[in-house]
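Work through the exercises below with the sequence and the coordinates open. Each task is followed by a stepwise solution.

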Amino acid sequence: MDKTDLARLYDFAGKTFVITGGAGVLGGVVAAALYGCGANVCLLGRNASAVQTAAERLGGRALGVSADVTRRDDLVAALAAVNAKFGRVYGLVNAAGGNMPAATTSAERSFFDLPEEALRHVSDLNLMGTLLPCQVFGRQMAEQRDGAILNYSSLAALKPLTRTVGYGAAKAGVSNFTHWLAVHMAKTYSPNIRVNALAPGFFVGEQNRALLIDAATGELTPRGRSIIEHTPAGRFGAPEDLAGAALWLLSPAAAFVTGIVVAVDGGFSAFAGV
């Protein structure tokens, strides 16, 4: 295989991808990578201003659409907007998700006191917020018998972490759903439709920064130190660390890869701690 053949594997020109959570850090870095490889990208998010600004920052082959991933009507409307702008959808990246303090145990809040509303919110956002876009955008892939779906699971789905009970359970559901959908799409519609997932490790963001870094000192918290000690790479992840794995799973280079969950975690999930 020569350099031209290799370059062609990552040439997404003419292909349209929808990225939920596309204005966020971990969704945005994959959107930018796809755009850089020639793809048309549609960024979905609840904040209309944020997705439009992010799309404008990328350029003319990007579209920002306001949509709540837990509302089917929003997703159907988003599909119509994407089709009107770019034509049929080839790929879907489900990067929308997140946690909230009320669904996380702490010294002040035991597991038995976690409010039902918070647990349902986290479950809906992460699991239903992945399943519903797969229904809406995946239908078009089934019709054209071609496409690629990339879900965002989590290290918390591979190794249950302390405190993050709602988030971990929901992401475990995402991993299971990824396996199921990969088989369903290939066996029912076409083996040219592939479904995989990334399981990011510890990336510092606004939702978990206070858990990992002491705001007053800038030093690692005890939890942050424990994570680094159990991460062979010796650092937290940078958003750019997701781009290579994402492009590979979405590209023809991974044509024989479906139904897997790839950990991007600096070796955390491989480390036994002894």
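The chain exposes about 13,200 Å², and carbon and sulfur atoms supply 55% of that area. The model is a predicted one.

**Exercise 1.** Determine how compact the chain is for its 274 residues.

Solution.
- Start with the inventory: 10 helices and seven strands make up the secondary structure.
- Next, compare sizes. The radius of gyration is 19 Å and the globule rule gives 19 Å for 274 residues, so the chain is as compact as a globular protein of that length.
- The C-alpha atoms fill a box of roughly 50 × 45 × 40 Å along the principal axes.
- Turn to burial: 47% of the residues count as buried.
- Finally, among contacts with a separation of 6 or more, 68% join residues 24 or more positions apart.

**Exercise 2.** Describe how strand 2 (residues 40-45) pairs with strand 3, and state whether strand 3 (residues 62-66) is enclosed or open.

Solution.
- The two strands run parallel and are paired over five bridges.
- Within this pairing, Leu44 lies opposite Val65 of strand 3.
- Helix 3 (residues 48-58) joins the two strands in a right-handed β-α-β unit.
- Strand 3 is largely enclosed by the rest of the structure, because four of its five residues are buried.

**Exercise 3.** Find how many disulfides the structure holds, then account for Cys37 and Cys42.

Solution.
- A disulfide covalently bonds the sulfur atoms of two cysteines.
- The count here is zero.
- Cys37 is in no disulfide, as its nearest cysteine sulfur, that of Cys42, is 18 Å away.
- Cys42 is in no disulfide either; the nearest cysteine sulfur belongs to Cys134, 15 Å away.
- Cys42 has 0% relative accessibility and therefore counts as buried.

Conventions
Residues numbered from 1 in each chain as written. Predicted model: local features only at pLDDT ≥ 70, side-chain atom pairs only at ≥ 80, totals over all residues. Heavy atoms only, no water. Buried < 20%, exposed > 50% of the residue type's maximum accessible area, 1.4 Å probe, protein only. Pairing = 2+ DSSP bridges. Right-handed = clockwise from strand over helix to strand, strands pointing away. Disulfide = S-S within 2.5 Å. Rg over C-alpha atoms; globule rule 2.2 N^0.38 Å. Contact = heavy atoms within 4.5 Å. Areas by Shrake-Rupley, 256 points an atom, 1.4 Å probe, with all protein chains shown as cover.
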